Amino acid sequence: MNNFSYYQADKAKDATSAKRADKSAAFIAGGTTLLDLMKLNVENHDQLIDVNTLPFRGVEMTKNGLRIGALERMSDVGEHPLVVKNFPAVSQSLLLAASAQLRNMASIGGNILQRTRCGYFRDTAFPCNKREPGTGCPALEGDHRNLAILGTSEACIATSYPGDLSVALTALDAVLTLENAKGKQREVPITRFYLLPGSTPQKETVLEDDELLVAVTIPQTVAAQKSLYLKVRERTSYAYALASAAVGLEVQGGIIRAAKVALGGVGTQPWRSPEAEKMLVGKAPSEAVFRAAAEAALRGAKPREHNAFKVEMAQNTLVRALSEVAA
Amino acid sequence: METNQTKNAPTNVVGKPLDRVDGPAKVTGAARYSAEISVPGTVYGVLKTSTIAKGRITSIDTSRAAKEPGIITILTHENLPKPAKTPQQVEKWRAAQSYLPMQDAQVQYAGQPVALVVADTLERATQAAALINVTYQAEAPIDSFHDPKAELFDPQKIQQGKKDSHVVRGNPQQAFDGAAIRHEATYVHAINHHSPMEPAATLAVWEGADKLTVYESSQNVTMHQGALADLLGMPREQIRVVTKYIGGGFGCKGSFWPHTILTVLAAKAVNRPVKLALTRQQMFTGVGHREDQEQTLKMGTTADGKLVSLVHTKRATTSPWDNYTESNGKILDMLYACPNYSTTYELARANVMTSVWMRAPGEAPGSFALESSLDDVANQLGLDPLEIRLRNYADYDHSNGKPWSSKSLKQCYARGAELFGWDKRQAKPGQNRRGRLLVGHGMATASYPVHSSQGTARVRLFADGHAVVEAGATDLGTGTYTVMTQVSADALGLAPEKIRFELGDTRLPTAPGSGGSVAAGTVASSIMAAAEDVWDKVVKMAVADKKSPLYKAKPADVKVELGRMFLTKDPQKGETLVAALVRSGQPDIEGSGTGKYGAGYEEKNFGQNGADPNNDSKEKKTGGHSMHSFGAHFCEVEVDPDLGTVRITRWVGVHGAGTVLNLKTATSQMIGGAIYGIGAALMEETHRDASFARYTNADLAGYHIPVNADIPEIKVEFVPESDPYINYLGVKGIGELGMVGVAAAVGNAIFNATGRRLRHLPITPDKVLEALRQPA
Amino acid sequence: MTEPITPDTPAGGPGKPANDGSRRTFMKQAGGILGLALAPPFLSQAERLTALSRKVEGVSALSLKVNGTVRTIQAEPRVTLLDALREYLDLTGSKKGCDHGQCGACTVLVDGRRVNSCLTLAVMTQGKEITTIEGLAKGEELHPMQAAFLKHDGFQCGYCTPGQIMSGVACVQEGHAGSEAEVREWMSGNLCRCSAYPNITAAILEAAKSS
């Protein structure tokens, strides 16, 4: 890890201004992604700006839905009664992630901004377009077993967001609040927050250099209350998803009125599937309908030699999640 | 006095489930592992490793690195002090990899050390290593035996010349061709890494120009001492290797690897103690691995399931210099009654470091092939898996014609089946459902040889009633500290609290390392031999002492049990060792002895009685009996047919392993063995990128080992077993046994659940889904 | 039984970095050998904000309250809590297994919560209560969790053990030790390669019952 200076900001503006003034600086909250990548020399920052004392805390119901301060920790949010009761998929996505220790450390903001687990990205001995634009992507023909089948490009097939929370947030139409050095806030739906790799896989989100993610708001809906997160992984716990699904259904009179579907582990970003939702809305819940929705969700998949299994796995994960939430 | 023979002597604490004597130090954090020894003036060493897998270093620019504060030196092949010899120049190099990096500009594998930074803090050394700019002229590497550039060859000998690459018994191909049932299958085993929780570490302290102390995470301090002596051209006694605690090894710390000598050379160069711990990433290219391999097994049986032939071939990747490969064939040769057998090893050189023994080397992957094929044949013939194993039960070792020294496998089968409820198993695959999940039951046989070994120990009995017992063994977590305390306590008739057992230091009497499951039996035998020496001396004192009840007795008429000497014909007449010692006025008395384990023990005590004179196999000279532990695993799995996930839901292991020295630690070790095998069966795989010959998941997030949530309750039992031939106390090793057959038991249970046979380890969800797409 | 090797000198031997000429000055050490000195009494959270500099660069005095005692080290801001404990304070009970939050061997409690000390910067734990394995027993009397691990043989090599125990203590305190299944899941952030998992689970369930 390169040597850096540490700066504890006690005002948001100090933090964002310091970041704007220093292109090499990074914000640190829990540090679980940042220090991991700095130890690997994948990221090098000459200044770390500690944002933990900033007032972006709290979990509260507002008129726009549940507002979660970005500095809240995964464990606290995952077990928060309001979250457990009204947004089960969010709670599950948090508690099925990482470990109890990491969940105590990692902030909600940091989780949303975590970076890919692609082995080529994480090892500076390899070329990687995301880490060093223009050097190439060995994953295309190499070990891409854990990588994406949706939203890929010839430059990058990494599951740029490898985690769980944002999959649930994507399904449930969460909105992120960003604040810049001028103290100006803007709201960005999470579905527009992440960027497809295209030819610029290094650019992962719409976050500007001087912007800090300060809050997440999740609209309170019937579908959110009847939501579920299902995660498939190689070991029972403490592993990233091979495939996951966040789903929410509003069923009235035996008919699906609203459907929320997002997939994890298979897209270069948390993968919202309007195609699947379209297949569900207006129909009576049944395995056949769920199957049709799952097929629609994966229709655009571009599987490769070692990750082709993800098509079927993701479909089955989605069918299972829908079946369980409808039950 | 009776001499070195197994006695069914009474025991007091041997066998009892004593809490670990090193437990308090471990649960309080007081136990110091090698990188935690505090030596004043110690500075930090960090390795820089190669990014390419093959080629040449054209330049190394250390200018940026040298500007980091606190840098003491940066060593590369250009300025590293040369050792007296490289491993390749050592006449009998037995410590795994024979290639020492940083001797020239060559790069032969990814992750090979290319520089070593020494700095005043770990942070500075680490960052300086990152800042060294190495320029390479890269060549296309060979990644494995699958690589089109790779050439399979017949190594003639494997494992540093120790074993033949062809073994044939009978006429296996002909027998297979004529067999009623012919089954042929290929099994794939992924690259596995030992991944002990403690990364390998060396703390090198030069006490003078020709005197060296090395605190090493070593499974075998004597091996490390010998290898260092060879490389440095120093007498062994000038080198001290110390390992008081070691955070697991599973084989990878039982060999000598580059980081150790590089740290020692760096310490010499900077004239200060240097401490170097491998990073977790470096653990994947620093201390060996279980090689990627493929086995083809042709199994011929009669129509009623009796084996007539096993034709086995193995193809595997090895390094550019060594012909290491696990000897998978051994267990196929001996496990069942099969008259015809052959195995052939073929290797291909690739740009990888030398692979090395990893828990149950050979037996673990070999049994996966054998036990899976046998399960297939059983299913084909409509036989219960247990029944086909009984039909092929070997009443003697067919690999060499020798009788078993002891074998309790039938009892293990019976007890395991009872504990598991095997009779309730649904024979027809794919019939047993629990909700959406498919449930399956499988079993497999375990076995591991009693390798020949020996060692020495010293016992010093004090007149105040305590004793210090010493042997240069190690405790990997296997319980050596504890069980040797128990053995010593009974040998001297003292309470365990009155025993201090010291290990892990080359200044102590030479004992074998922890490896090949030999430590417990050998060190226990050594202690008993040393204790007998003490008995002998005290008995001589007693019979010459007017105040002793044994005065004027013939030493040959005196027996010693639990620290008490008495007349064999009149047991009432006697006294304790300590009582005689107190009267003598001597403050203490010391004895030493050499204990043997396995064939050497039998030969010494029984001669060659059991040997088959017509058997001309090489093993003949190793004594009269074939010596193995045996056991049986029973496993229940739940398979999710939609998601491909497999969960172990029940496990039973029953083993016959001779005398159990401590029921608690032995049970833990068997549980650990099963879980180690479950890891290999379901999740462990290091991926090597084919173009770069470099691992892509070299950390503990990418290389999955089981977590707590993967593991159900595991029932382990030992059946009572007494074996007079193998060593003083009749102990068989258990470190490897618990893992043998585990992968097959899992695979067999998956077959029972799904009707699909998975022959490619690890059995990950993608493979299960793929198999379920195929017709049953 | 052997005694663990004890250091020949007071703690902190290897850890003292040379001055790199950064603009922070060294805290004068009153008699602290090799980089250790007792700091002023522990500061309250409010005092901390004013007492401790918000900007730390280069080798600086960092005050850590470990197991009830405030100790000061001279270290760069990049020093992790784990390395601060092991290499600067000679508290080697917390283990380095992976250095990337992937094994749990480094688990300690910070303000009562279990965290991976390898991914925690020491500079960010100033003013917080740090509890390590060395701070669990009361003198010779083992903490009930330690005693339960010993009784149930919840370890073999012992290297993951301090992390398991710290994690187990937190697991019980959090209320996540209600059943076998719950313990298994909530203890899955602590790898044990010797695979003492069933025994670890049994130990935690027993300690939970007695607490």
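This report covers the confidence, chain contacts, domains and nonpolar core of a predicted model.

## Confidence

The model scores ipTM 0.97 and pTM 0.95. Chain C has a mean pLDDT of 83. In that chain, 75% of residues reach 70 or more.

Two stretches of chain C score low. Residues 1–15 of chain C have pLDDT below 50. Beyond near neighbours in sequence, the model still gives this stretch 55 contacts. Residues 18–51 of chain C also stay under 50. Here the model has 58 contacts beyond four places in sequence. Where pLDDT is low, predicted coordinates should not be read in detail.

## Chain B against chain C

Chain B brings 69 residues to its contact with chain C, and chain C brings 61. Several elements of chain B supply at least two residues each to this side. The helices are α1 (23–28), α3 (122–131), α11 (480–492) and α15 (663–682). The strands are β1 (43–49) and β25 (499–502). Helix α15(B) has the largest share, with eight residues.

By class, the side of chain B that touches chain C has 32 nonpolar residues. Another 19 are polar and 18 are charged.

## Chain A against chain B

Here 26 residues of chain A are in contact with 31 residues of chain B. On the chain A side, two elements give two or more residues: α8 (119–122) and α13 (309–326). Helix α13(A) gives the most, with six residues.

The side of chain A that touches chain B holds 11 nonpolar residues, nine polar and six charged.

## Domains of chain B

Chain B is assigned two domains. Domain 1 is made of two segments, 380–450 and 609–776. Domain 2 covers 453–597. Taken over C-alpha atoms, the centres of the two domains of chain B are 37 Å apart.

The contact between them uses 17 residues of domain 1 of chain B and 16 residues of domain 2 of chain B. On the domain 1 side, nine residues are nonpolar, six are polar and two are charged.

## Domains of chain C

Chain C also divides into two domains. Domain 1 of chain C runs over 13–135, and domain 2 of chain C over 144–210. Their contact takes 14 residues from domain 1 and 11 from domain 2.

Strands β5 (107–110) and β6 (113–116) of chain C each supply at least two residues to the domain 1 side. The largest share is that of β5(C), with three residues. The domain 1 side divides into six nonpolar, five polar and three charged residues. Part of domain 1 of chain C, as assigned, falls within the low-scoring stretch 18–51.

## The largest nonpolar core

The largest nonpolar core has 429 residues. Which of these residues touch the most other members? In chain A they are A:Ala293 and A:Leu318. In chain B they are B:Val117, B:Ala524, B:Ile527 and B:Val746. Chain C adds C:Ile204. Helix α12 (residues 519–543) of chain B gives the most to this core, with 14 residues.

A:Ala293 shows the packing around one such member. Leaving aside neighbours within four places in sequence, A:Ala293 is in contact with A:Val261, A:Ala276, A:Met279 and A:Leu280, among others. Its contacts also include A:Leu318 and A:Leu322. A:Leu318 is itself among the residues that touch the most other core members.

Technical notes: Residues numbered from 1 in each chain as written. Chains lettered and ligands numbered in written order. Predicted model: local features only at pLDDT ≥ 70, side-chain atom pairs only at ≥ 80, totals over all residues. Contact = placed C-beta atoms within 7 Å. Helix = DSSP H or I, 4+ residues; strand = E, 2+ residues; numbered from the N terminus. Nonpolar A, V, L, I, M, F, W, Y, C, P; charged D, E, K, R; others polar. Core = buried A, V, L, I, M, F, W, Y, C linked by C-beta atoms within 7 Å. Buried ≥ 20, exposed ≤ 12 C-beta atoms within 10 Å, placed from the backbone. Domains from an automatic or database assignment. pLDDT = per-residue confidence, 0-100.
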